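Visitor: I'd like to learn how to read salt bridges and helix packing from a model. Could you walk me through a case?

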Amino acid sequence: MRLSFKDVEDRHKGSPAFVAAHGPSLNPYLCKLPELKQAGYIIIGCNEWYTFHEACPPQYYVLANTVYTMSRQISVINRYNLTPVFASSVDPTDFNWIEKNTNRDFLPYRQHMNGPEVQSIQEALCKHTNQTEWYGSGDTVALHMIALAIILGCNPIYIAGVDLDYTLGYAQHSKPQEFVVGNEIGAMNNYLDRNLKNLSIIYAAAKNVGVGIYNLNPKPSYDTIPIGSLDQNRLETTS
């Protein structure tokens, strides 16, 4: 069934979220994901998440480009019972085709501009948090993953693998060129200033509603998001 942001707003209010991007700072947490999921963490994944943590599928699967489209990823969605959240502004997959080819709920969104019957994730975030400033269309899917976690009502939100330096490679020591699509290695670093500005806007929106966001990378290259650590008390209680 096709969803809107209104359908998922505060769906997981008060539950912690783990945003799993694919930078190398995800490595220390890959083996912990099943434990986190069992402890009630909402896992939000993206793109080729199954390359990195197939043993622990995310509950929400965020897509935001012309490569990982719904038509291409539908078998993954069905196999792992995922809830896809995809940018219909860049993914031309027909909604009727999606409904015929999966029984999973799916949430289309637009990247910045609203369109016919599809709300932008930026507007949904602003309405949810009483924020007046929209973040940009996004040069990394991680921005939309964090925004989704806020809209879902998750608190706190932990991010891992959001390293924003594409010369470092990827989790599990993958080489950068294995995941470059149409760009030279490190080309995405040209958007660092824009990514950090958008990240600061999202962080401010979260603060408006008392949501904490923490970077699990102990040595990040940016200080937009404070460094934090997982709630061990919660893990010990549910173990």
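Guide: Let's take the salt bridges, then one buried side chain, then a helix pair. Bear in mind that this is a predicted model.

Visitor: How many salt bridges are there by the distance rule?

Guide: The general idea is to look for a Lys or Arg side-chain nitrogen within 4 Å of an Asp or Glu carboxyl oxygen. By that rule the count here is 4 salt bridges. One of them joins Arg194 to Asp139, with the closest N and O atoms 2.7 Å apart. That pair ties together distant parts of the chain, 55 residues apart: Arg194 sits in helix H8 (residues 192–208), and Asp139 in the loop between H6 and helix H7 (141–151). Arg194 is partly exposed, at 44% relative accessibility.

Visitor: And which residue does Arg2 pair with?

Guide: Glu117, with the closest N and O atoms at 3.7 Å. Again the partners are from distant parts of the chain, 115 residues apart: Arg2 is in the segment before helix H1 (5–8), while Glu117 belongs to the loop between strand S5 (107–109) and helix H6 (121–129). Arg2 is partly exposed at 25%, whereas Glu117 is exposed at 69%.

Visitor: What about a pair inside one helix?

Guide: Try Glu123 and Lys127, whose closest N and O atoms are 3.9 Å apart. They are 4 residues apart in helix H6, so about one helical turn separates them.

Visitor: Is Glu123 buried or exposed?

Guide: Buried, because its relative accessible area is 18% and the cut-off is under 20%. Lys127, at 59%, counts as exposed.

Visitor: Now the buried side chain. Where is Gln122?

Guide: Also in helix H6, and it is buried, with 0% relative accessibility. To see what surrounds a residue like that, skip its sequence neighbours and list the rest. Beyond four places in sequence, Gln122 is in contact with residues including Arg110, His112, Trp134, Tyr135 and His144.

Visitor: At what angle do H6 and H7 pack?

Guide: For a helix pair, read the angle, the axis distance and the handedness together. H6 and H7 pack at about 35°, their axes 10 Å apart, and the crossing is left-handed. On the H6 side the contact is made by Ile121, Gln122, Ala124, Leu125, His128 and Thr129; H7 supplies His144, Ala147, Leu148, Ile150 and Ile151.

Visitor: How many of those are nonpolar, polar or charged?

Guide: The contact has 7 nonpolar and 4 polar residues, and no charged ones. Gln122 turns up here too, as one of the H6 residues making the contact.

Note on methods. Residues numbered from 1 in each chain as written. Predicted model: local features only at pLDDT ≥ 70, side-chain atom pairs only at ≥ 80, totals over all residues. Heavy atoms only, no water. Helix = DSSP H or I, 4+ residues; strand = E, 2+ residues; numbered from the N terminus. Buried < 20%, exposed > 50% of the residue type's maximum accessible area, 1.4 Å probe, protein only. Contact = heavy atoms within 4.5 Å. Axes fitted to C-alpha atoms, helices over the stretch in contact; angles between N-to-C directions. Left-handed = near helix turned anticlockwise from the far one by under 90°. Nonpolar A, V, L, I, M, F, W, Y, C, P; charged D, E, K, R; others polar.
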